[in-house]
Amino acid sequence: MRDRSLWIGFLLALGLGLGIALTQQQEVDPYKEAERQRELFRQTAGILPGELYAAQGEELFAQKRGPKNVSLEACDFGLGPGKLEGALTQLPRYFADTRRVEDLETRIVSCMVNLQGFRPQDIKRDDVKALTAFVASKSTEMPINVVPKTSQEIAMYNLGRELWFHRAGDRDMNCAICHDSYAGGKVRLSPVRSPRQGLSNEWPAYRFEADKLYTLQDRIAFCYESVGIHPPEYYSEPYIALSIYMLAEATKGKNKFTELPGFTR
């Protein structure tokens, strides 16, 4: 574990250097630049930062931890205990054992609490992010298949749609102003996608400009901050609602996940 942490530190330092180089350039296509940075990581380190996060998550997943000293191998992400292949493709969904709709990150926390006996306040955010990277890696390039069916899932989808169009904050902004109005276009050189066009299909991803792994909840929090709104607490309903809305719309658009964890600007 320590060796991988050192590797992640090395790669983040490498990413910082690459990021500085980027700022010295003038306007470049951010996605072409992301691909160039990705290849530089491959050539220089032989591995991508997201892969190291996933490897760290794999160790955490199998390790006996918490007050109950058990692993997470019995965690059910909706396909049966321990079944990870394609698990992300059908999340968020309703879970009878917790009586709530959960996304991947929230489900990991529930399993850490209920299986391993952790108190919620003792769960480290970095552990959840690494575990998210590992479980998500088992759904690389698979079709997204989020279809709200139960009353709880439909209610969460409707809440997500309401939040998507709700204008708030000093700037009177909502998600649709950027992602629907400019879908297919560009904002500051960055291509903009709507949920129907597959927005949200690359997370979790390593953002080389920020030099760290972002989960989908991190990305949503970033959007809140970008428009001057304090983001909600992690694992709360707004994240799950917005996630199920975006991924259900991505399902209607017949989108797939990218390589997971992704690599982006």
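**Exercise 1. Two residues with positive phi**

Does glutamate 141 count as buried or exposed, and at what relative accessibility? Find its place in the chain, then treat aspartate 172 in the same manner.

*Solution.* Before starting, note that this is a predicted model, in which local features need pLDDT of at least 70, side-chain atom pairs count only at pLDDT 80 or more, and totals for chains, interfaces and linings use all residues. Residues are numbered from 1 along each chain as its sequence is written, and side-chain values use heavy atoms, with hydrogens and water left out.

Step 1. Glutamate 141 sits in the loop between H5 and H6, where helices (H or I, at least four residues) and strands (E, at least two) are DSSP runs numbered from the N terminus.
Step 2. Its phi is positive, about 60°, although glutamate 141 is not a glycine.
Step 3. With a relative accessibility of 51%, glutamate 141 counts as exposed, given that buried means under 20% relative accessible area, exposed over 50%, and partly exposed in between, using a 1.4 Å probe and protein chains only.
Step 4. Aspartate 172, in the loop between H6 and helix H7 (175-179), also has a positive phi, near 50°, and is a residue other than glycine. At 38% relative accessibility, aspartate 172 counts as partly exposed.

**Exercise 2. The three-stranded sheet**

Work out the strand order of the open sheet of 3 strands, and explain which strands stand at its edges.

*Solution.*
Step 1. The order is S6-S5-S7, and the pairing is mixed; two strands pair if DSSP finds at least two bridges between them.
Step 2. Strand S6 (212-214) and strand S7 (262-264) each have a single partner strand and therefore stand at the edges, with one side of each left without a neighbour in the sheet.
Step 3. Neighbouring strands of this sheet are turned by 35° against each other on average, direction ignored; axes are lines fitted to C-alpha atoms, for helices over the stretch in contact, and angles run from 0 to 180 degrees between N-to-C directions.
Step 4. Strand S5 (residues 205-207) pairs with S7 in the parallel sense over 3 bridges, and arginine 207 of the chain stands opposite threonine 264 in S7.
Step 5. Two helices lie across these strands: helix H2 (residues 30-45) lies across S5 and S7 and runs at about 120° to S7, while helix H3 (residues 49-62) lies across S5, S6 and S7 and runs at about 130° to S5.

**Exercise 3. Two cis peptide bonds**

Locate the cis peptide bonds that lead to proline 204 and to proline 261.

*Solution.*
Step 1. The bond from tryptophan 203 to proline 204 is cis, with omega near 5°, and proline 204 belongs to the loop between strand S4 (190-191) and S5.
Step 2. The bond joining leucine 260 and proline 261 is cis, with omega about -5°, and proline 261 belongs to the loop between H9 and S7.

**Exercise 4. The nonpolar cores**

Which residues have the most contacts inside the largest nonpolar core, and which helix gives the most to this core?

*Solution.*
Step 1. A nonpolar core is a set of buried Ala, Val, Leu, Ile, Met, Phe, Trp, Tyr and Cys residues joined through side-chain atoms within 4.5 Å.
Step 2. The largest such core has 50 residues, and Phe77, Leu104 and Met112 have the most contacts inside it.
Step 3. Helices that each supply at least two residues of this core include helix H4 (104-114), helix H5 (125-137) and helix H8 (216-226), and H9 gives the most, with 10 residues.
Step 4. Leaving aside neighbours within four places in sequence, methionine 112 is in contact (heavy atoms within 4.5 Å) with Arg65, Leu72, Gly117, Phe118, Ile123, Val128 and Leu131.

**Exercise 5. Packing of H6 and H9**

How do the axes of H6 and H9 cross, and what kinds of residue make up the contact?

*Solution.*
Step 1. The axes come within 7 Å and cross at roughly 95°.
Step 2. H6 and H9 are therefore roughly perpendicular to each other, since angles under 35 degrees count as roughly parallel, over 145 as roughly antiparallel, 65 to 115 as roughly perpendicular and the rest as oblique.
Step 3. Residues making the contact include Met156, Tyr157 and Trp164 of H6, and Ile240, Ala241 and Tyr245 of H9.
Step 4. The residues of the contact divide into 14 nonpolar, 1 polar and 5 charged, where Ala, Val, Leu, Ile, Met, Phe, Trp, Tyr, Cys and Pro count as nonpolar, Asp, Glu, Lys and Arg as charged, and the others, Gly among them, as polar.
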